[in-house]
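Subject: Structure for you to look at

Dear colleague,

Here is the structure I said I would pass on. My notes on it come after it.

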Number of protein chains: 4
Amino acid sequence: MSEGTTTRNFTLTVRYAETDAQGVVHHANYLTWFDEGRSEFLSQQGLHYSDMERDGFFVIVARATVDYRAPSFYEDRITIATTLVKGRGRMLEFIYQATNQNGILVAEGRTRHLVLDRKRRLVSMPDRFIQLLLE
Amino acid sequence: MSEGTTTRNFTLTVRYAETDAQGVVHHANYLTWFDEGRSEFLSQQGLHYSDMERDGFFVIVARATVDYRAPSFYEDRITIATTLVKGRGRMLEFIYQATNQNGILVAEGRTRHLVLDRKRRLVSMPDRFIQLLLE
Amino acid sequence: MSEGTTTRNFTLTVRYAETDAQGVVHHANYLTWFDEGRSEFLSQQGLHYSDMERDGFFVIVARATVDYRAPSFYEDRITIATTLVKGRGRMLEFIYQATNQNGILVAEGRTRHLVLDRKRRLVSMPDRFIQLLLE
Amino acid sequence: MSEGTTTRNFTLTVRYAETDAQGVVHHANYLTWFDEGRSEFLSQQGLHYSDMERDGFFVIVARATVDYRAPSFYEDRITIATTLVKGRGRMLEFIYQATNQNGILVAEGRTRHLVLDRKRRLVSMPDRFIQLLLE
């Protein structure tokens, strides 16, 4: 499995609960948005993550980085563009770009993932899942 | 099992992430604080909720009510007083009072709970748990 | 202003971050969903809540109740139906029904609201906002 | 202002709401914990962040990285060790180590911060704040 080039988009509306006393989105929420972006990426590839878990494969986060470029505000429409950039052996890596309704890049991120079985042992993803990811 | 009279306290410091763009704590966080209050109540009674789950008993929330009395702010020290008020058959009920460092009541709440087994069927709590709750 | 009869719907997809160790959505998230439902209700009526705050009117939550009917799971599609049920003087009241993709009612709720000015004093909503709410 | 060597600790108990359907703490919560660690660092240095905001200085997050080493579970007691590692001109940088009750390192992180004024313009922190940070 080599570097992916597929990017999948989805758009969310900023919730009031996601803002903080500075009047902008609290920085921890971007990780949750990227998580949702990854989930959407998988399901748009025909691979629902809940199916993976039902089959006994659990994707965990090993590393996450976020670069905050501009603030986001309540009611902003944020588009998360998710790209699978690495899928070698037991490791997956995604990058994310979050852009608001005015086309301004508000944050970029990268997450690295490992796959565990039901006993939390490191395993490789089965071929049927990798095929779907790469399509 | 009759009405309990034991009240257990614990104190938390308001996190920046819990505030919203109004500059006060977002109202959904109080349910999380009451959840933590209940968890502390149980563990102070010698009944760790994680032990209950390990034994196959899952307490779920059937109903929750919060009355918001005054705003809470970042860095406030909030004391949650949790009281078990009902424990009849398969139902538990707790009330909560949240008070800040100046003694001002900021919120009151009530939650009603049911107990499920591993297959999410309604069950009664075992006597050994009820004994601990009532002590 | 009398009882409203308008109901507004919006649909969300359950985030992984919203689940808890019981494998279902943690109960505090429903308040956030109802908050988003209310926000969508207002904007579908042509009244963006961010505009209200810009004009110096802050809607706060005075009371919230949730009845939990069935669990929600990761990737569920939840439709929140929001209805304005009371709007007398300085008080607003909304009810909510949350239904999943199989038509199962998962939760119902009710929230009561007051309106504050920039100095956090109780005020009445201006007529121009009430007109939009009632249309 | 040179590299700081002071480390400040605080300990939290994992909330049920912080777990996810994998039965472990959802990865986004670590950023909130580090945020709370930074808040505790400042207040233990005698510099309440709420005072900074009252004086018109807003610390924002420009970059955040988390390395996840081991899972955390409900009721775990997590100690966050926060160290100020850089404070040159307009930039602050902190590192964090999160360790559980068994002494296992569960996560490490790093955050980079900028300081804004009320109009969200980049400024330097006043000397009186820097003195307190370095003491």
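The notes below deal with the chain contacts and then with some strands and a helix.

This is a predicted model, in which local features need pLDDT of at least 70 and side-chain atom pairs count only at pLDDT 80 or more, while totals for chains, interfaces and linings use all residues. Residues are numbered from 1 along each chain as its sequence is written, and chains are lettered from A and ligands numbered from 1 in the order in which they are written.

Chains A and B

Nine residues of chain A are in contact with nine residues of chain B; contact here means that the C-beta atoms, placed from the backbone, lie within 7 Å. On chain A, the side that touches chain B consists of five nonpolar, three polar and one charged residues. In this scheme Ala, Val, Leu, Ile, Met, Phe, Trp, Tyr, Cys and Pro are nonpolar, Asp, Glu, Lys and Arg are charged, and the others, Gly among them, are polar.

A turn of 180° with a shift of 0.0 Å along the axis lays chain A on chain B, with an RMSD of 0.0 Å. The superposition is by least squares on the C-alpha atoms of residues with pLDDT of at least 70 in both copies. In chain A, the residue that comes closest to the rotation axis is A:Asp20, its C-alpha being at 1.9 Å. Both copies use the same surface, since 100% of the contact residues of chain A recur in chain B.

Chains B and C

Chain B can likewise be laid on chain C, by a turn of 180° and a shift of 0.0 Å along the axis, with an RMSD of 0.0 Å. The two copies are therefore related as by a two-fold rotation axis. B:Thr65 has the C-alpha nearest the axis in chain B, 2.2 Å from it.

This contact takes 15 residues from each of the two, chain B and chain C. On chain B, helix H1 (29-44) and strand E2 (58-68) each supply at least two residues of the side that touches chain C; helices (H or I, at least four residues) and strands (E, at least two) are DSSP runs, numbered from the N terminus. E2(B) gives the most, with nine residues. The side of chain B that touches chain C divides into eight nonpolar, four polar and three charged residues. Because 100% of the interface residues of chain B are also interface residues in chain C, the copies meet through the same surface.

E2(B) runs antiparallel to strand E2 (residues 58-68) of chain C, and five bridges join them. Strands pair if DSSP finds at least two bridges between them. B:Arg63 has C:Asp67 as its bridge partner in E2(C).

Strands in chain D

In chain D, strand E1 (residues 7-13) and strand E3 (residues 77-88) run antiparallel, joined by seven bridges. D:Phe10 has D:Ile80 as its bridge partner in E3(D). E3(D) is also joined by nine bridges to strand E4 (residues 91-99), again antiparallel, and D:Leu84 stands opposite D:Phe94 in E4(D). The hairpin of E3(D) and E4(D) has two residues between the strands, and D:Gly89 takes a positive phi near 60° there.

Regards
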